Each structure stands twice: as C-alpha cells, then as structure tokens.
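Thank you for sending this structure for comment. My remarks are set out below as numbered points.

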Amino acid sequence: MTTHTLELGKFSIGVGDRFAHQAKAQLQACIEAAHAGVEIIPVWNKSNREHNIIGSEPSSTRAAADAAVKALHWNKPHFCDADHINLTTVDRFLAPCDFYTIDVADYIGKPADPATIEKFLKHRSDLTGTLRLEGVREPLEITPHLLRATATKFLFAVQEAGKVYRHIEAAKGKGGFIAEVSMDETDAAQTPAELLIILAAIADEGIPVQTIAPKFTGRFNKGVDYVGNVDQFRREIILDVAAIAWATANLGLPKNLKLSIHSGSDKFSIYSAIYEATKHSGVHLKTAGTTWLEEIIGLAEAGGDGLALAKEIYAEAWAHREELCAPYATVIDIGPAKLPVPATVAKWTSQQYTSALRHDPHSPAYNSSLRQLLHVGFKVAAKMGDKYIRLLETNEKVIAKNVTENLYARHIGPVFLGQPSPVAALAHAEAK
Ligand SMILES: [Zn+2]
C-alpha cells in the first residue's frame with residue numbers, strides 16, 4: 001500500500017509498444033523534450049485487447065518500461081497504463097500497472113435507478129443556469145432538462161467507473177495509482193456541458209480522477225489525420241478545458257485533472273488547437289500504438305531481410321484484410337482500391353515502401369489506406385513470433401531512430417512545444 005499520492009504531471013504522453021522493444025527509443029523522445037525545456041511524463045499503455053492479440057502479459061510492458069528508465073537514467077516519474085479496462089479485465093493489470101484507464105463507454109445510455117437519478121438532480125440542481133467559465137467568452141447553458149437528460153444517459157456509466165475504481169483501490173491503496181475515466185469509444189461526442197455534469201457525477205462517486213477522456217467531435221481514425229471540422233474541434237476543446245478548470249475549483253476533484261486525448265497519433269491538423277487550448281492546463285496525449293509502424297518503416301529502410309519481411313507482412317495483411325479490419329471498423333477508413341496488390345509491393349525498393357507508409361503529408365507517395373491496413377495488421381507480425389523479434393533486434397538502430405523522430409518531431413513538437421505540425425507546414429507551403 002502506498003502512503004503518498006501518485007500524481008500525473010502537467011504534460012504526459014501515452015506511448016504504445018506492441019512488441020515491447022521500443023521503450024528506450026520512446027523515452028528518448030521525452031529526453032529530447034526535456035532538453036527543449038518541457039517535462040513530458042511517459043506513460044506506457046497497452047490494452048487488454050492488444051495483449052490478447054499479441055499473446056503478451058501486462059508485466060512485460062512494465063519490465064520494458066522500467067528497463068528503459070534505468071538504462072537512460074530517467075529520474076522523473078513514468079507510468080504503466082492498464083488501457084481501456086473494466087471490472088472483468090482489470091485483475092491481471094493490478095500488480096504491474098499504476099495508471100488505469102477505466103473505460104465505461106459501453107454503459108453510456110443505460111439508465112441508473114430512478115432514485116439515484118432524482119438524488120443527483122436534487123444535489124446538483126445548482127449546476128443549472130448560465131455558467132460563466134474563466135477565460136472563455138461563451139457561457140455554458142445548463143437547463144434542468146439537460147441536467148436530467150445527461151444524468152439519465154451517463155450516471156450509470158459513472159457508477160460503473162466507481163465500482164472499477166474501488167476494486168483497484170482495494171488492491172493498490174488510496175493514491176497508489178492514477179485514475180482516468182474514458183468515454184471515447186462511443187458514437188456521439190460529449191458536449192462541454194455534458195462533460196461538466198459528468199465530472200460532477202464523478203466527484204459524487206468519489207473517484208479522484210486525474211485524466212478524463214471524452215469523445216470529441218470528428219473522427220479519430222487510427223494512425224492517420226483527424227477527419228472533421230477543425231474550428232468546431234477548437235471551440236469544443238477550449239470549452240472542455242474551461243469546464244475542467246471549473247470542476248477542479250468547485251467540485252473538489254484533483255487540481256491536476258486534465259484532458260486525455262485518445263487515438264492521438266498523427267492528428268496533425270488539430271495539434272495547434274490542442275496546444276493553444278492546453279498549454280496552461282496540461283494534457284495527456286495517448287498515441288495509438290503507431291510505434292509498430294515505425295518498426296516496419298525501420299525494417300523496410302534497412303533493406304535486405306528487413307525489407308523482405310516488411311513485404312511479407314504487407315502480403316499477409318492484404319490477404320487477411322477483412323478479418324484484420326473488422327474489429328476496428330469504427331476507427332479506420334480504408335479505400336480497398338487504394339491498396340496495392342502484394343505483387344506490386346514485392347518489387348518496391350526501401351524508399352518506395354517507406355514513402356508509402358510514412359505519414360508525411362508532403363509526400364505524394366504516402367498511402368493512408370496502406371498505412372491503416374498495416375496499423376491493424378500487427379497480428380501478422382505477432383504470429384511470426386521470433387522471426388519478427390529477431391529482425392527487430394538486428395535492426396534496432398535504424399528502427400529506434402524512426403521511433404524517436406516520429407514521436408518527437410511529429411507529436412511532441414506540435415502538441416507540447418507549439419511547433420508547426422507537418423500539415424500546417426504543408427498548408428503554408430501551398431499558400432506560397
Ligand atoms: Zn480510447
């Protein structure tokens with residue numbers, strides 16, 4: 001049992017490492033950020049689903065993270081995130097993890113018992129009216145109707161989060177872990193007013209939540225850019241941040257509570273909006289496990305056996321494309337006609353392969369359909385077992401360079417340091 005309270009710093013990044021070989025290269029990106037003057041706390045996340053597909057245990061993620069921290073002398077905190085867990089999947093994460101993403105999206109829309117809803121409405125009736133949030137011109141309007149509708153839609157889900165939270169607390173002690181509540185894997189985005197009401201319910205449930213992951217407007221497809229209305233996203237995230245600030249000041253939630261942005265890899269066109277909205281409040285950017293794509297890029301770049309394996313992985317993924325894509329249908333958009341046939345890819349040079357896969361919006365060779373297919377195709381590499389891992393180890397240097405550079409230049413720079421993102425640079429170049 002821990003006696004001090006674990007706290008997540010202002011800026012943090014969730015990194016996925018499917019095959020537990022890139023923790024050092026990922027941590028290196030945080031070290032470079034520290035050199036640039038910003039402390040970014042690394043959080044290694046891997047969901048139950050990923051562990052099941054790969055056939056790995058959460059303890060392997062912990063071991064890889066701890067080894068990297070030791071090897072690179074990282075003396076700031078680091079965490080291991082039990083990503084998207086619930087009461088049925090959390091137990092094997094209890095020992096190795098100290099960060100829990102409590103996913104209650106499946107319970108949204110299931111109503112709590114009427115007495116609980118009435119009690120909440122009575123207790124929180126002071127939320128209704130016009131709420132002026134600090135730093136934003138647009139007020140939040142919460143009508144009694146909205147309060148009731150939101151309670152009816154979300155209270156049961158928050159009660160479920162409470163159950164999972166208490167289950168973890170019983171094992172790890174109060175303050176012995178970071179709690180996140182996630183509601184992103186659902187159809188409808190939550191509005192800032194709904195978010196504020198949800199936070200009130202979370203406070204009532206006694207969950208000392210440090211990060212909250214709502215579903216934002218627009219599509220957050222895996223490993224590719226944001227699809228949606230950037231201006232609407234900007235308005236929404238500014239209000240979300242203000243709603244969170246209000247909640248920490250008025251509801252007794254932890255002072256460091258901040259937004260968590262899931263599937264945050266490669267969302268180049270909204271990075272400047274995220275940076276502007278969160279540079280004072282802090283943010284957790286959870287990347288979507290695209291590190292594994294950097295492994296393939298590294299293998300392809302290495303040529304020889306590495307390139308041959310990268311081609312073999314594509315051919316297998318292409319052959320099984322329907323079954324690989326099915327579980328991710330809501331978070332990918334692949335144009336089947338845009339996928340090259342394996343016979344074509346078989347003739348590619350290193351440069352042709354990497355430029356099709358690498359997410360460089362400047363490059364006409366970039367193929368987002370191929371990228372998304374390979375992104376969900378990690379099962380193919382998992383099946384190859386030792387053959388894949390051996391080549392990762394032989395080509396460690398070239399892969400590590402790609403992993404670090406992708407995290408630092410394409411993600412940390414624009415989101416945490418306010419540097420132009422690749423898309424912004426592209427728009428700038430086109431305007432000239
Ligand atoms: Zn998520």
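The points that follow move from the overall fold to the barrel and then to the two domains.

1. This is a predicted model. Its secondary structure amounts to 18 helices and 10 strands.

2. On overall dimensions, the C-alpha trace spans about 70 × 55 × 45 Å along its principal axes. The radius of gyration is 22 Å, which agrees with the value near 22 Å for a compact globule of 432 residues. Of these 432 residues, 47% count as buried. Among contacts with a separation of 6 or more, 78% are between residues 24 or more positions apart.

3. The central question on topology is which strands close into a barrel, and in what order. Eight strands do so, in the order β1-β2-β3-β4-β7-β8-β9-β10, with parallel pairing. From one strand to the next, the twist averages 25°.

4. One pairing may be examined in detail. Strand β2, residues 41-47, runs parallel to strand β3, residues 79-85, and the two are joined over five bridges. N45 has D81 of β3 as its bridge partner.

5. A helix also deserves comment. Helix α5, residues 144-172, lies across β4 (99-103) and β7 (178-182). The helix runs at about 155° to β4.

6. The protein is divided into two parts: domain 1 covers 11-289 + 408-422, and domain 2 covers 293-394. Their centres, taken over C-alpha atoms, are 29 Å apart. Domain 1 contributes 15 residues to the contact and domain 2 contributes 19. On the side of domain 1 that touches domain 2, seven residues are nonpolar, five polar and three charged.

Note on methods
Residues numbered from 1 in each chain as written. Predicted model: local features only at pLDDT ≥ 70, side-chain atom pairs only at ≥ 80, totals over all residues. Domains from an automatic or database assignment. Contact = placed C-beta atoms within 7 Å. Nonpolar A, V, L, I, M, F, W, Y, C, P; charged D, E, K, R; others polar. Helix = DSSP H or I, 4+ residues; strand = E, 2+ residues; numbered from the N terminus. Rg over C-alpha atoms; globule rule 2.2 N^0.38 Å. Buried ≥ 20, exposed ≤ 12 C-beta atoms within 10 Å, placed from the backbone. Pairing = 2+ DSSP bridges. Axes fitted to C-alpha atoms, helices over the stretch in contact; angles between N-to-C directions.
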